[in-house]
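Biologist: Got a minute to go through this structure with me? I'd like to start with charged pairs.
Modeller: Sure, let me pull it up.

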Amino acid sequence: MYPLLIGVFVIGYAVIAMEHTLKVHKTAASLLMAVVLWTIFILGNDDPHQVNESLSRHLASIGEIVIFLLGAMTIVELVNTYRGFDVITSRIKTNNPRKLMWVVAWLTFFLSAVLDNLTTSLVMISLLKQLVPELKMRRWFATMVIVAANAGGAWSPIGDVTNTMLWIDEKISTGAIVTQAFVPSILALLVPLLLLTFLPLGIDWKKNSPESDDDWCVLPSAHKPDYPGSKLIFGLGVGALLFVPIFKTLTHLPPYVGILFGLSILWLVADWLHENGQLRGKPRPPQALRALARVDASSILFFLGILTAVGALESAGILGQLANALDKTLGSHPLIMLVIGGISAVVDNVPMVAAALGMYDGAGFAMDHPLWIFLAFCAGTGGSMLIIGSAAGVAVMGLEKIDFFWYAKRVSWMILLGYLAGAASYLLMFGYQW
């Protein structure tokens with residue numbers, strides 16, 4: 001049964017990777033792969049009840065992520081409807097594409113640590129659609145959003161799902177992950193950012209010169225009139241996202257409850273703005289229900305299919321066996337963490353971290369041991385090497401229609417160098433404790 005499960009998974013991922021060549025939508029492929037994997041698993045198992053319980057357990061955790069994603073994307077769409085992101089774009093004073101790339105990258109990096117890498121990616125792509133309207137050139141910016149969002153989330157306990165897992169399981173503390181993973185995370189972003197902006201990669205950075213009639217980098221108009229309610233909706237939208245970790249700390253409820261709370265408040269305020277005449281004489285903007293209709297449902301379903309498929313491999317014990325094989329074959333814990341980070345570019349980092357927790361939990365590695373911090377960094381940033389390796393990458397892939405092979409050919413090698421540079425810096429600073 002195991003070879004069959006692995007074979008189906010490999011074929012499914014190959015179909016997803018060759019979406020444009022095969023003319024098969026990646027969402028359909030991911031959902032079919034998930035169903036086939038679980039069907040094979042239950043037919044080859046002597047205890048169907050146990051398999052169903054395992055599926056229900058996975059869907060409970062996946063459902064939390066999907067609901068959170070749906071709520072966050074709706075908030076972003078609603079803020080965008082009210083032109084709330086003009087609050088940010090109006091303060092960007094350069095239309096020099098190289099400078100803009102750096103501004104976007106570092107804004108994403110720090111915002112991701114406060115929110116999370118997925119939500120930050122959604123916000124920044126919405127902003128980029130206003131700043132860089134030409135899709136072909138915007139893809140380069142979008143790739144840096146993925147890298148910066150994952151790197152920024154790697155040094156925060158709430159910036160990535162895997163970090164939150166380690167934090168809740170008391171493997172890392174806030175102080176340790178911030179102080180120890182910050183420099184490696186900066187290098188994981190800085191190396192590809194430098195390479196992208198200064199190497200001759202075929203990008204026409206001079207295209208946006210003043211004499212060009214084909215500008216693709218648009219400086220927001222300083223005299224653009226304020227849209228009624230834009231600042232209020234922007235403040236509430238960002239506040240709703242920032243409040244999620246606070247809500248979780250205060251109530252001990254999962255993050256998706258906090259995002260639904262923020263969405264409901266934003267929805268009520270949007271209705272209040274209209275009903276109280278704030279938009280009198282203006283075209284009625286789409287309300288939250290219409291913003292919800294504009295959310296990319298195919299990306300959400302794709303995410304659902306991928307995580308459900310990976311859940312089948314985890315329930316079958318394949319990921320656990322892989323982790324144990326790495327332990328026996330490689331031996332070196334730093335090398336194992338590096339490999340786990342590399343694998344997370346193909347397989348979602350959540351089950352990889354879960355497998356690592358199962359391997360080393362109770363094995364003498366106390367809270368804030370370098371193994372846990374290095375695992376958080378590797379799993380968080382390693383997923384950037386392939387566009388399907390992280391939630392941020394999957395979301396941006398759907399929103400910007402970025403081809404898997406375009407990303408792998410043009411930027412994966414730069415991200416790999418940044419990943420190795422960050423890992424080397426961590427081992428130089430803290431490897432002696434291992």
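Modeller: This is a predicted model. A search of the whole structure turns up one salt bridge.

Biologist: Which side chains meet in that salt bridge?
Modeller: Arg138 and Glu400, at 2.8 Å from N to O. Side chains of opposite charge can pair when their charged atoms come close.

Biologist: Where do Arg138 and Glu400 lie?
Modeller: Arg138 sits in helix 8, and Glu400 in helix 19, residues 391-400. The two are 262 residues apart in sequence, so the pair ties together distant parts of the chain.

Biologist: Is Arg138 buried or exposed? And Glu400, buried or exposed?
Modeller: Arg138 has a relative accessible area of 8%, so it is buried; the cut-off is under 20%. Glu400 is at 1%, so it counts as buried by that cut-off too.

Biologist: Switching to packing. How many residues are in the largest nonpolar core?
Modeller: The largest nonpolar core has 101 residues. Met33, Met337, Trp372 and Tyr407 have the most contacts inside it.

Biologist: Which helix gives the most to this core?
Modeller: Helix 8, residues 135-153, with ten residues. That is the helix that holds Arg138.

Biologist: What is Met33 in contact with, leaving aside neighbours within four places in sequence?
Modeller: Val8, Phe9, Gly12, Tyr13, Ile16, Ile306 and Ala309. There is also a second, separate core of 35 residues. It includes Leu118, Leu241, Val269 and Leu273.

Biologist: Helix 18 next. How many of its residues are buried?
Modeller: 13 of 13, so helix 18 is largely enclosed by the rest of the structure. Helix 18 covers residues 370-382.

Biologist: What span should helix 18 have at 1.5 Å a residue?
Modeller: 18 Å. Its end C-alpha atoms are 17 Å apart, which agrees.

Biologist: Pockets, then. What volume does the largest pocket have?
Modeller: About 1000 Å³. It is lined by 42 residues. Ile65, Val161, Thr164, Met165 and Val350 lie nearest its centre.

Biologist: Which elements give two or more residues to the lining?
Modeller: Helices 4, 7, 9, 11, 12, 14 and 17. Helix 4, residues 48-81, gives the most, with seven residues.

Biologist: Now the backbone. What is phi at Lys23?
Modeller: About 60°, positive although Lys23 is not a glycine. Most residues other than glycine have a negative phi. Lys23 is in the loop between helix 2 (19-22) and helix 3 (26-43). At 72% relative accessibility, it counts as exposed.

Biologist: And what is phi at His252?
Modeller: Near 65°, again a positive value in a residue other than glycine. His252 lies in the loop between helix 11 and helix 12. Those two helices both give residues to the pocket lining. His252 is exposed, with a relative accessible area of 68%.

Biologist: Last one. Where is Ser425 found?
Modeller: In helix 21, residues 412-430. Ser425 counts as buried, at 11% relative accessibility.

Biologist: Which residues is Ser425 in contact with, leaving aside neighbours within four places in sequence?
Modeller: Val183, Pro184 and Leu187. The C-alpha atoms of Ser425 and Ala181 are separated by 9.6 Å. Along the chain, those two are 244 residues apart.

Notes: Residues numbered from 1 in each chain as written. Predicted model: local features only at pLDDT ≥ 70, side-chain atom pairs only at ≥ 80, totals over all residues. Heavy atoms only, no water. Core = buried A, V, L, I, M, F, W, Y, C linked by side-chain atoms within 4.5 Å. Buried < 20%, exposed > 50% of the residue type's maximum accessible area, 1.4 Å probe, protein only. Helix = DSSP H or I, 4+ residues; strand = E, 2+ residues; numbered from the N terminus. Contact = heavy atoms within 4.5 Å. Expected span 1.5 Å × (residues − 1). Salt bridge = Lys/Arg side-chain N within 4 Å of Asp/Glu carboxyl O. 1 Å grid on protein atoms, 1.4 Å probe; cavity = no way out; pocket = protein on both sides within 12 Å on 5 of 7 lines; lining within 4 Å. Points joined across faces, edges and corners; volume = space filled by probe spheres on them.
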